[in-house]
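Reader: Please show me how to read ring contacts and pockets in a model like this one.

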Amino acid sequence: MNRLLLVLVAVQLLVVTSTIAGPDNIVFPSSYKNHVHYATVDRPDNKTVREIYISPESAKMVKPGEPLPHGTVITMEVYRARVDEKGEPVKDAAGRFIKGDLTGIFVMEKQAGWGADYPDDLRNGEWEYARFTPEGQRHSNADTTSCFQCHKP
């Protein structure tokens with residue numbers, strides 16, 4: 001009986017700890033380059049170019065006005081835009097920023113129960129956010145508050 005009780009407590013702890021808020025819930029999606037390229041975004045406000053990928057299963061399920069399903073992983077590479085001698089972004093023939101160095105990779109993932117531990121002013125569904133280095137290593141001191149604030153609306 002004691003053994004059964006220990007097993008039940010252990011299982012309950014695993015369930016509880018797996019839904020605790022935080023970027024440590026996200027595992028770096030090392031194969032994200034095989035995901036569907038979703039968008040390229042030039043950001044004049046911070047002179048960056050963002051390449052955005054979405055997990056293939058979720059890309060098939062995207063419907064206008066509908067929430068993305070649990071299990072969705074969105075990966076965003078952030079590049080510095082090349083700048084000219086005046087510090088202005090250099091553009092290609094199509095008028096898009098030209099990518100410079102990769103500065104980081106951001107990942108957002110949606111899973112059931114995620115987000116419940118966040119206050120109402122930050123919670124935006126069941127999404128979690130994490131920041132990684134260009135090499136895919138977790139940024140241990142990354143503050144993801146701005147991710148929540150940007151995606152809240």
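Author: What follows takes ring pairs and then the largest pocket. This is a predicted model, in which local features need pLDDT of at least 70 and side-chain atom pairs count only at pLDDT 80 or more, while totals for chains, interfaces and linings use all residues. Residues are numbered from 1 along each chain as its sequence is written, and side-chain values use heavy atoms, without hydrogens and water.

Reader: How many aromatic pairs are there?

Author: Rings of Phe, Tyr and Trp (its six-membered ring) pair if their centres lie within 6.5 Å; planes under 30 degrees apart are stacked, over 60 edge-to-face, the rest tilted. The count here is three. Phenylalanine 28 and tyrosine 32 are edge-to-face, 6.0 Å centre to centre with 80 degrees between the planes. Tyrosine 32 and tyrosine 53 are also edge-to-face, at 5.5 Å and 70 degrees. Ring pairs link Phe28, Tyr32, Tyr53 and Phe132 into a cluster.

Reader: Are tyrosine 32 and tyrosine 53 buried or exposed?

Author: Buried means under 20% relative accessible area, exposed over 50%, partly exposed in between (1.4 Å probe, protein chains only). Both tyrosine 32 and tyrosine 53 are buried, and tyrosine 32 has a relative accessible area of 6%.

Reader: What lines the largest pocket, by class?

Author: Rolling a probe the size of a water molecule over the atoms shows where empty space is left. On a 1 Å grid over the protein atoms alone, a pocket is an open set of points where a 1.4 Å probe fits, with protein on both sides within 12 Å along at least five of seven lines; lining residues have an atom within 4 Å of a point. The largest pocket is lined by 29 residues, with Arg50, Met76, Met108, Cys150 and His151 nearest its centre. By class, the lining has 17 nonpolar (Ala, Val, Leu, Ile, Met, Phe, Trp, Tyr, Cys, Pro), four charged (Asp, Glu, Lys, Arg) and eight polar residues (the others, Gly among them).
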